[in-house]
Amino acid sequence: YQGQIDVLDRRTGEVKDLQEYPSTNLAFAPKKMKYRFNWNAPLINSPHDPKTMYHAGNVLFKTRDGGLNWSVISPDLSRSAWDIPASVGVFTSEQMKTMPRRGVIYTVAPSFKDSNTIWCGTDDGLIHVTRNGGKQWMDVTPSSITSWSKVSLMEASHFDVNTAYAAVNRIRLDDMKPHVYKTHDGGKTWKEIVQGLPDDPINTVREDPVRKGLLYAGSERAVYVSFDDGEHWQSLRLNMPATSIRDLVIKDDDIVVGTHGRSFWILDDITPLRQISSALSGQPVILYKPQQAWRVRWSTYTDTPVPQEEPAGENPPDGAVINYHLSANASQVKLEILDSKGKLVRTYTSNDKPYTKPQDNVPDYWVRPQQILSAKAGAHRFSWDMHYDPLDIEPTFPISAVYKNTPPDPTSPWVMPGTYTARLTVDGKMQTQTFVVKMDPRVKTSLKDLQAQHDLSLAVYEHRKLLLSQRPGSEEEKRQHAAKLSRSERVFDMLQGSDMPPTAAMFQAALETTKR
């Protein structure tokens with residue numbers, strides 16, 4: 001914030017103002033006014049060295065000791081002179097022609113391929129690059145970028161040291177058109193890449209770190225995507241409100257968008273964007289390769305509580321997400337999940353019916369929610385909860401009867417971490433994709449104990465399935481049958497209630513239950 005940096009020790013909660021440290025290269029002495037800073041001066045970590053950080057005013061600073069000492073690694077990179085644009089209008093004055101230098105570095109982009117290459121863009125329309133860690137800088141500004149332009153964000157390529165992208169906002173010049181540039185030769189030549197973008201100033205451009213040529217841009221109203229290195233753009237706004245996008249970042253498989261006044265927005269699971277191609281888009285059915293899934297429990301005790309008056313966004317769905325696309329309506333769609341040995345674990349069809357309450361006096365929160373596989377044309381996202389096929393039975397005392405915000409206890413066990421196959425069949429034609437389920441990294445239970453828990457739970461699950469297939473005759477048989485079901489449910493819930501190793505008592509209870 002305007003050259004002032006505090007460091008927070010998350011272990012102790014202590015905060016230290018870095019201005020208090022004496023240094024011959026101290027960049028933050030307000031009385032000297034030697035350096036100028038923007039309201040949101042860049043503070044960037046090096047992608048090569050976690051100890052190296054850059055901070056920008058009118059010059060670029062570098063620290064390798066957490067901000068205790070800073071070195072200046074660039075000259076003043078802003079304009080030394082400029083003209084007065086017509087957009088200033090009646091506010092033009094003679095004093096403006098002799099104003100002191102005011103520009104600052106607005107964006108810093110260290111190369112992902114070379115630790116000595118750094119790109120900088122200023123808020124008065126200049127682009128510089130260094131190839132030797134700041135010893136020499138080259139002005140590589142495109143001729144079409146004039147003074148009073150703002151290089152609002154630069155992005156160094158994840159794949160090529162000579163490639164960079166720049167988003168340029170010229171709203172101060174009454175220019176409401178988009179301006180995005182790319183270079184593939186280290187800044188010697190630039191190409192403006194705006195085809196498909198409406199008249200809407202662009203504030204940010206980012207390259208996907210996984211798929212080369214996949215770009216994202218944020219404007220004053222929406223988010224856009226390009227699959228061909230910016231040669232063509234299309235909207236990625238979806239359900240977002242029209243708002244100013246000030247920055248966006250790609251975190252793993254998600255896009256995180258920072259807006260000016262409309263909070264943070266996240267587009268979960270962009271793996272389909274990374275896989276789509278012109279050849280694939282022409283197929284009648286597309287089953288995308290699912291992203292890695294995490295087996296994580298929703299916990300009433302550990303999840304962060306949010307007061308009722310606090311706004312909260314919707315979390316992504318729990319489970320393994322399956323993305324598919326149908327070019328036309330289908331008669332029937334079937335999704336099957338198979339384990340690494342080819343054994344069928346779960347089956348869904350577009351003809352499935354949602355669970356309904358068995359009787360009117362059962363509360364709504366006892367009803368297990370179930371997604372329905374869609375057979376309609378378009379893009380679809382389906383979530384497998386990483387359980388086996390559920391049993392058609394209502395629990396006698398679900399935890400949701402106590403905690404009304406939690407789903408009912410599952411009637412089938414969790415699957416083991418491992419490799420699984422999604423098999424999608426549309427009107428008789430089948431496609432498959434493999435994916436990996438990993439365990440919650442916070443769980444320290446050994447794989448051996450998890451396997452023991454899984455095998456015992458599966459045995460009790462199969463026992464319950466057998467009981468449900470039986471039809472007792474006399475009243476006494478019905479009473480005994482109900483007692484067996486109730487006991488097997490209690491044992492199953494004990495085994496599946498946590499990811500901790502099963503106890504000796506649980507082993508014994510499971511063995512006795514399945515024998516009966």
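These are my notebook entries on strands, cores and empty spaces in a predicted model.

**Entry 1: strand 8**

I began with strand 8, which spans residues 118-122. I asked how many of its residues are buried. The count is five of five, and I put the strand down as mostly covered. I then sorted the residues by side: Ile-118, Cys-120 and Thr-122 lie on one face, and Trp-119 and Gly-121 lie on the other. Both faces are covered.

Next I looked up the partners of strand 8. With strand 7 it pairs in the antiparallel sense, over five bridges. Within that pairing I noted Val-108 opposite Cys-120. Strand 9, residues 127-130, is also antiparallel to strand 8 and is joined to it by four bridges. Here Gly-121 stands opposite Ile-127.

Strand 8 and strand 9 form a hairpin with four residues between the strands. I checked the backbone there and found that Gly-125 has a positive phi near 90 degrees.

**Entry 2: strand 13**

I turned to strand 13, residues 180-183. Which way do its residues point? Val-180 and Lys-182 go one way, Tyr-181 and Thr-183 go the other, and all are buried.

I found strand 13 joined to strand 12 (residues 164-169) by four bridges, with the two running antiparallel. Strand 14, residues 191-192, is joined to strand 13 by two bridges, again antiparallel. I used Tyr-181 to tie the three strands together: Ala-166 stands opposite Tyr-181, and in strand 14 the bridge partner of Tyr-181 is Glu-192.

**Entry 3: nonpolar cores**

I looked up the largest nonpolar core, which holds 41 residues. Which members touch the most others? I listed Val-333, Leu-335, Trp-384, Tyr-420, Leu-424 and Phe-435. Helix 3, residues 447-469, gives the most to this core, with five residues.

I followed Tyr-420 further, leaving aside its neighbours within four places in sequence. Its contacts include Trp-384 and Phe-435, which are on the list above. Others among them are Ile-337, Leu-338, Asp-339, Val-345 and Val-415. Gln-433, Thr-434 and Val-437 are in contact with Tyr-420 as well.

Apart from the largest core lies another, of 14 residues. Among its members I noted Trp-119, Ile-127, Ile-145 and Ala-164. Trp-119 is one of the buried residues of strand 8 from my opening entry.

**Entry 4: the cavity**

Rolling a probe the size of a water molecule over the atoms shows where empty space is left. How many cavities of 30 Å³ or more does the whole structure have? The search finds one. I noted about 50 Å³ of space in the largest cavity.

The residues lining this cavity are Arg-79, Trp-82, Arg-102, Asp-124, Ser-147 and Trp-148. Sorted by class, I have two nonpolar, one polar and three charged residues.

**Entry 5: the second largest pocket**

I looked up the second largest pocket, with a volume of about 710 Å³. It is lined by 30 residues, and the closest to its centre are Ile-44, Thr-107, Leu-153, Arg-206 and Asp-247. Which elements give two or more residues to the lining? They are strand 3 (43-45), strand 7 (105-110), strand 11 (150-156), strand 15 (202-207) and strand 19 (245-251). Strand 11 gives the most, with six residues.

By class I recorded 16 nonpolar, seven polar and seven charged residues in the lining. Strand 7, on the list for this pocket, is also the strand I found paired with strand 8.

Methods:
Residues are numbered from 1 along each chain as its sequence is written. This is a predicted model: local features need pLDDT of at least 70, side-chain atom pairs count only at pLDDT 80 or more; totals for chains, interfaces and linings use all residues. Side-chain values use heavy atoms; hydrogens and water are left out. On a 1 Å grid over the protein atoms alone, a cavity is a set of points where a 1.4 Å probe fits but cannot get out, and a pocket is an open set with protein on both sides within 12 Å along at least five of seven lines; lining residues have an atom within 4 Å of a point. Grid points are joined across faces, edges and corners, and a volume is the space filled by probe spheres set on the points. Ala, Val, Leu, Ile, Met, Phe, Trp, Tyr, Cys and Pro count as nonpolar, Asp, Glu, Lys and Arg as charged, and the others, Gly among them, as polar. Buried means under 20% relative accessible area, exposed over 50%, partly exposed in between (1.4 Å probe, protein chains only). Two strands pair if DSSP finds at least two bridges between them. A nonpolar core is a set of buried Ala, Val, Leu, Ile, Met, Phe, Trp, Tyr and Cys residues joined through side-chain atoms within 4.5 Å. Contact means heavy atoms within 4.5 Å.
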